[in-house]
Number of protein chains: 2
Amino acid sequence: MFRPEIKVLDCTIRDGGLINECNFEDKFVRAVYAACSAAGVDYIEVGYQADKKFFSPDKYGKWKFCEESDVRKAIDGIESKSKISTMIDIGRVDLDAIRPKKESVVDMIRVACYVKDVDKAIQHVKACADKGYETTINIMAISTALVPDLEEALKQLADVPVKAVYIVDSFGALYSEQIHFLVALYKKYLNPKGIEVGIHCHNNQQLGFGNTIEAIRKGANYLDATIFGIGRAAGNCPMELLLAFLKNPKFKLEPILEVIETEFIPLREKLEWGYIIPHMITGILNQHPRDAMALRAGKDKDKYAQFYRNALSGAELA
Amino acid sequence: MFRPEIKVLDCTIRDGGLINECNFEDKFVRAVYAACSAAGVDYIEVGYQADKKFFSPDKYGKWKFCEESDVRKAIDGIESKSKISTMIDIGRVDLDAIRPKKESVVDMIRVACYVKDVDKAIQHVKACADKGYETTINIMAISTALVPDLEEALKQLADVPVKAVYIVDSFGALYSEQIHFLVALYKKYLNPKGIEVGIHCHNNQQLGFGNTIEAIRKGANYLDATIFGIGRAAGNCPMELLLAFLKNPKFKLEPILEVIETEFIPLREKLEWGYIIPHMITGILNQHPRDAMALRAGKDKDKYAQFYRNALSGAELA
């Protein structure tokens, strides 16, 4: 599917950082940056710009904070036409500490929020846009958003200086028809104002790539993926599959395959992500992955049937 | 998606048998049969009915041949409302050796063929139907079939006594729009004659489940899946995901989760299947999985970039 408007964003380091407290070694970050650059990926997201008041540098690695000097060091000497992005979370960032774009190698700042926090997200976006950055808003846990709330949010966002607003299926709960519905809803409010629809899928039901395709078919143009699908819990849409699908001659698959071979196969021995039954269970039940992650960290990590029964009874609220 | 016409077929033992020469232990086969029965799966495929002239019983296990006594022993004492199916391959079966349905616990025989062999498949189907079996035709490697050949085949199949004709994406190469096209083409010829469309997807691009959903949306009613996605190379559409999606109250997820926990997690330590980069590469290139399987059996099993370059140059024919 060749459409010149399409922008691919690699969030390997940022979303992958959710499974190791952003403690990636410099060598790994440089390898990812080099591979994505050689592959022609449009944006490379290197981490969060979090406030150290909320996250201790003793626990979290440097990609939780993305100090300007650390980002510059990681990319130093690597040929690249890719732009650099970071993410900020509402209420966990010191907006005053973000330097003006002209003093930074970061090109885009993405604001992650729930639908209830869209007003705060707009304030964050404006602050970043005023400093000269490209911006997006990423509405997380979209599978739990009520449509009237979402429509109200999208109406407001149509007048905000963002490149794109993302559908973020944090729980990996959505099926294709729900993706189709959401893309159409986003487009209705955003496209007339020149704002693109973005898609960020989790892979709990092995639909990370399939749902990304469905979003593309319906008009989403900002596409998130991670190398070898790394990311929290079940992980994300795999970059290698997405680039092969897009067929745009500007993308090269081989650098991604190469870095999977050299960096991700060894890493997968140490960190867990991907299609694992407890994550599949939270996906089908439209639940946060936290219970599945807790299960996988304990001795009962393969007690799937019991976990399912517990998750079902937890879902019985009425 | 609740549609009463939908029939789910588990081919765990049959397609899974392609990675261990059908050498599953009785205990495992009984566990799969019990789980699928308790889950309410409509058909359970226990293996091939191959001719021992072509396959040595020294190398291949009993599920390559499905002797009546072996099948009866495997299901003995297990409560089940599921029907039993076997598969035959054109030219590798002794049709005269297939006993009449009234002497067999097998309910359905599925004939696998390439589009070029449809005439032979029709002959096989008629022989099995005459003996009293339900039948299907499964057109393999559909991603390499030329449309005029396929249309000619479908025209012929419309007058054959089959329950369903399957789209079999053997190479895991298809995307959703191609699935949509094929389902519509099959339906055009087959539905007016009361023949259903079937779907059997491989998971090379993590689209086994996603493409099955797309086929369902467009009207396919015979759905193949395997527990935990077991199957040749990248494996198949996972049964646990399919049942959770279908939401038909007759299906129960818990028995499938239970058998994954007890049987499939240990088995996965010994047998390899699933999303593995060489299989992804043959999928995106629409190639047979044999080269990837050979790579995975050797010392260079993780040399992805080199394998990709070789596969590309192998694809340069002109």
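How far apart do the C-alpha centres of domain 1 of chain A and domain 2 of chain A lie? They lie 26 Å apart. Keep in mind as you look around that this is a predicted model.

Let's start with chain A and how it is split up. Domain 1 runs over residues 7-268, and domain 2 over residues 277-315. The two domains touch: ten residues from domain 1 of chain A and eleven residues from domain 2 of chain A take part in the contact. On the domain 1 side of that contact you'll find four nonpolar, five polar and one charged residues.

There's also a label from a database to look at. An unreviewed UniProt entry annotates residues 6-261 of chain A as "domain: Pyruvate carboxyltransferase". Over that stretch of chain A, 36% is helix and 18% is strand. If you find the C-alpha atoms at the two ends of the stretch, they are 27 Å apart.

Now bring in chain B. Here, 29 residues of chain B are in contact with 29 residues of chain A. Which helices of chain B each supply at least two residues to its side of the contact? They are α7 (208-218), α8 (239-246), α9 (254-268), α10 (277-284) and α12 (304-315). The largest share comes from α9(B), with six residues. Sorted by class, the side of chain B that touches chain A has 18 nonpolar, four polar and seven charged residues.

How do the two chains relate to each other? Turn chain B by 180°, with 0.0 Å of shift along the axis, and it superposes on chain A with an RMSD of 0.0 Å. That is the relation of a two-fold axis. To get a feel for where this axis passes, look for Gly210(B): of the residues of chain B, its C-alpha comes closest to the axis, at 2.7 Å. As for the interface itself, 100% of the interface residues of chain B are also interface residues in chain A, so the copies meet through the same surface.

Finally, let's look inside. In soluble globular proteins, nonpolar side chains tend to be buried together. In this model, the largest nonpolar core has 214 residues, and the ones touching the most other members are Val165(A), Ile167(A), Val165(B) and Ile167(B). Try zooming in on Ile167(A). Leaving aside neighbours within four places in sequence, Ile167(A) is in contact with Ile139(A), Ile142(A), Leu182(A), Val183(A), Tyr186(A), Val197(A), Gly198(A), Ile199(A) and Ala215(A).

Technical notes
Residues are numbered from 1 along each chain as its sequence is written. Chains are lettered from A and ligands numbered from 1 in the order in which they are written. This is a predicted model: local features need pLDDT of at least 70, side-chain atom pairs count only at pLDDT 80 or more; totals for chains, interfaces and linings use all residues. UniProt positions are given in the numbering used here, feature names are shortened, and annotations may be inferred rather than shown by experiment. Helices (H or I, at least four residues) and strands (E, at least two) are DSSP runs, numbered from the N terminus. Domain bounds come from an automatic or database domain assignment. Two residues are in contact if their C-beta atoms, placed from the backbone, lie within 7 Å. Ala, Val, Leu, Ile, Met, Phe, Trp, Tyr, Cys and Pro count as nonpolar, Asp, Glu, Lys and Arg as charged, and the others, Gly among them, as polar. Copies are superposed by least squares on the C-alpha atoms of residues with pLDDT of at least 70 in both. A nonpolar core is a set of buried Ala, Val, Leu, Ile, Met, Phe, Trp, Tyr and Cys residues joined through C-beta atoms within 7 Å. A residue is buried if 20 or more other C-beta atoms lie within 10 Å of its own, exposed if 12 or fewer, and partly exposed in between; C-beta atoms are placed from the backbone.
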